[in-house]
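Reader: I keep meeting labels for contacts in protein models. Please show me how each label is earned.

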Amino acid sequence: MARKAPSVDIILAVFCLALVSCEANGGVIIARPLPRGAAGVAAETIFNVLQFGAKPGNGQSTQAFIRAWNAACSFNGRARLLVPLGVFTLAETVFQGPCKGPITVQVTGTLKAVADVSEYTGKGWISFDSINGLLLTGGGTFDAQGPSVWKYNDCKGNSNCVRLPATLYINDVQNGKLKGIKLLNSMGFHMHVTNCNFFRAQGLHITAPRDSPNTDGIHISKSQGVSIVRSVIGTGDDCISVGQGSTNLPKELDVAGVSVKNCTMLGTTNGVRIKTWAGSDPSRASRLLFENIVVDNVQNPIIIDQGYGSKSSKPSLVKISDVTYQNIRGTTTSPIAVNLMCSRQAPCQNVRLSNINLKHRLNNVKVSATCANAQVISSGIQFPPPCR
């Protein structure tokens, strides 16, 4: 029996800070902090990457960024790492904690990846590791230069492939927040959030071409209290995926307590999908809520696929239960609008459909629902009529 993982809470909705001047003094940044406010909050000290040797342009600034981070992270007080306007080129960069206090990373410029896969040995282009109290903000852009390296992605035909690095690899971050940043053309995933607690992403714009390989928007694993809100995501693979997420493990961990609310999905292959690998080992996915979802020309608006990958003739042993689809409406490009294909060995239990209104984009094409090995309970509007 797989051990239970922490619950993952996800909410997705589709729809400058005051600086202080700094001086360089012997390689150390001395800030002129703002005075304490009425509430007695201490001012921040700003660590500008320019003062640590970063230079806009094609030359690498990796080590300058790491020096700036180390200074900010070791500062005994409120610290802000500032990336000003300009284009800065970085190879693999790890912002390693723990830090002495909460830290803000303000990216107002553009970070551009080195387009050479030999420069990357870890799971991310830019990684944040073991930090309590991280704020990443500023409205800047993380351009991973994916088109230059996608030709090296052979994972569809090679089960032993080496995955390209995520744009942001966020590991063991507690009380973290990302706000108002842009992720463009990842090499691998755009963002991987793992081993995190109480993490919030807000106002993100994540973009890659429809045919870009494995450019998932945000992948979440082994985390608790994760919220993704008011963000726009359009990639070549999953916009948001939730799963155990590790490799070379005999069993996947459980997933529980996922909420997806107030989303609009435009022209996607899948709308709200639950998938498990055929032949996968025992684990559980439960307490999954999909509510107030609008689909526009989506191929599979509602789908459970427990034979994903079709690499095994054995049934999946992942037990799916307590799933609610509520207030889901819009149009599909497929004659099957609701497709619940559960495992014959571990049938789905307590799958609730409430107020489902899905029609084909062509008025003269009827849509239907199909189910296998699923206990379905329906209420309210049901179009297409639910399967039994």
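**Labels and their cut-offs**

Author: Start with Arg80 and Glu44, whose side chains meet in a salt bridge at 2.6 Å, N to O. The model is predicted, so local features need pLDDT of at least 70 and side-chain atom pairs count only at pLDDT 80 or more, while totals for chains, interfaces and linings use all residues. Residues are numbered from 1 along each chain as its sequence is written, and side-chain values use heavy atoms, with hydrogens and water left out.

Reader: What makes the contact of Arg80 and Glu44 a salt bridge?

Author: The term asks for a side-chain nitrogen of Lys or Arg within 4 Å of a carboxyl oxygen of Asp or Glu. Arg80 and Glu44 have N to O at 2.6 Å. They therefore qualify.

Reader: Why is this pair said to tie together parts of the chain?

Author: Arg80 lies in strand 4, and Glu44 lies in the loop between strand 2 and strand 3, so the pair ties together parts that are 36 residues apart in sequence. Helices (H or I, at least four residues) and strands (E, at least two) are DSSP runs, numbered from the N terminus.

Reader: Why is Arg80 called buried?

Author: Buried means under 20% relative accessible area, exposed means over 50%, and partly exposed is in between (1.4 Å probe, protein chains only). Arg80 has 6%, so Arg80 is buried. Glu44 has 14%, so Glu44 counts as buried too.

Reader: What makes Arg78 partly exposed?

Author: Its relative accessibility is 36%, so Arg78 falls in between the two cut-offs. Arg78 also meets Glu44 in a salt bridge, at 3.7 Å, N to O. That pair links the loop between helix 1 (62-73) and strand 4 (79-83) to the loop between strand 2 (28-31) and strand 3 (45-48), 34 residues apart.

Reader: How do you know that Asp238 and Arg273 form a salt bridge?

Author: Their N to O distance is 2.9 Å. The limit is 4 Å, so the label holds. Asp238 sits in the loop between strand 19 (232-234) and strand 20 (240-242), and Arg273 in strand 22 (residues 270-277). Asp238 has a relative accessible area of 15%, so Asp238 is buried. Arg273 has 26%, so Arg273 is partly exposed. Elsewhere, shared partners join Glu44, Arg78 and Arg80 into one salt-bridge network.

Reader: How many aromatic pairs are there?

Author: The count comes to seven. One of them is Phe95 with Phe128, a tilted pair with 5.1 Å centre to centre and 40 degrees between the planes.

Reader: Why is the pair of Phe95 and Phe128 called tilted?

Author: Rings of Phe, Tyr and Trp (its six-membered ring) pair if their centres lie within 6.5 Å; planes under 30 degrees apart count as stacked, over 60 as edge-to-face and the rest as tilted. The angle here is 40 degrees, so this pair is tilted. Phe95 and Phe128 are both buried.

Reader: What makes Trp277 and Tyr308 edge-to-face?

Author: Their planes stand at 65 degrees and their centres are 4.8 Å apart, so the pair is edge-to-face. Trp277 lies in strand 22 and Tyr308 in strand 24 (residues 300-308), so the pair ties together parts 31 residues apart in sequence. Trp277 has 47% relative accessibility, so Trp277 counts as partly exposed.
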